[in-house]
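The following exercises concern charged side-chain pairs and residue exposure. Please work through each task with the structure at hand before reading its solution.

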Amino acid sequence: MKALKACLAILAVGTLLVGCSADWEEEVRFKVTRITPERQVTPGHTSPPRAVMELDQDDPGALVKLDTASAELDQFPEGIKAGDVVICKVRQVEKNNLDGLEPESEVGPCRLA
């Protein structure tokens with residue numbers, strides 16, 4: 001009987017944890033505000049050039065507000081520059097909303113609007 005109760009408890013906790021995840025994905029319109037150059041993050045490690053953007057549409061209702069975003073330049077068409085308006089695929093995943101961490105966001109690929 002104890003084994004049955006333990007199995008039911010484990011099943012209930014597993015079901016609860018699966019229910020705590022969330023996933024959001026949409027195409028979002030941004031305006032490129034600047035291009036950041038490659039920079040050294042720590043000795044021996046660099047961050048690639050990125051396009052920094054601001055939202056250029058109404059709030060899309062993402063899991064986390066998207067006032068600004070950034071993505072590596074390989075996610076954009078060649079020749080992207082500040083002032084360009086782009087449409088980017090944005091995906092946000094909340095694996096466990098009980099851990100207190102914000103959802104993970106992925107931005108890209110992007111295309112000119």
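## Exercise 1: A lysine–aspartate pair

In this predicted model, D59 has a relative accessibility of 49% and counts as partly exposed.

Task. Determine which residue pairs with D59 in a salt bridge, and classify the exposure of K65.

Solution.
- Step 1. The side chain of D59 meets that of K65 in a salt bridge, with an N to O distance of 3.8 Å.
- Step 2. The criterion requires the nitrogen to lie within 4 Å of the carboxyl oxygen; the distance of 3.8 Å belongs to a pair that is counted as a salt bridge.
- Step 3. K65 has a relative accessibility of 56% and is therefore classed as exposed, since the class begins over 50%.

## Exercise 2: A pair between strands β5 and β4

Task. State which strands are tied together by the salt bridge of E72 and R50, and give the exposure of both residues.

Solution.
- Step 1. E72 and R50 form a salt bridge through their side chains, at 3.9 Å from N to O.
- Step 2. Because E72 belongs to strand β5 (residues 68-72) and R50 to strand β4 (residues 50-55), the pair ties together parts that are 22 residues apart in sequence.
- Step 3. The relative accessible area is 32% for E72, which is partly exposed, and 24% for R50, which is also partly exposed.

## Exercise 3: A pair within a network

Task. Locate R91 and E25 in the strands, and name the network of salt bridges to which they belong.

Solution.
- Step 1. The closest N and O atoms of R91 and E25 are 3.6 Å apart, and the two residues form a salt bridge.
- Step 2. R91 lies in strand β6 (residues 85-94) and E25 in strand β1 (residues 22-36), so this pair ties together parts 66 residues apart in sequence.
- Step 3. R91 is partly exposed at 28% relative accessibility, and E25 is partly exposed at 44%.
- Step 4. A network of salt bridges links D23, E25, K89 and R91.
- Step 5. For the model, the count of salt bridges comes to nine.

## Exercise 4: A serine in strand β3

Task. Is S47 buried or exposed, and which residues does S47 contact beyond its neighbours within four places in sequence?

Solution.
- Step 1. S47 is placed in strand β3 (residues 45-47).
- Step 2. With a relative accessible area of 13%, S47 is buried, because that class covers values under 20%.
- Step 3. Apart from neighbours within four places in sequence, S47 is in contact with P37, E38, R39 and V41.

How values were computed
Residues numbered from 1 in each chain as written. Predicted model: local features only at pLDDT ≥ 70, side-chain atom pairs only at ≥ 80, totals over all residues. Heavy atoms only, no water. Helix = DSSP H or I, 4+ residues; strand = E, 2+ residues; numbered from the N terminus. Buried < 20%, exposed > 50% of the residue type's maximum accessible area, 1.4 Å probe, protein only. Contact = heavy atoms within 4.5 Å.
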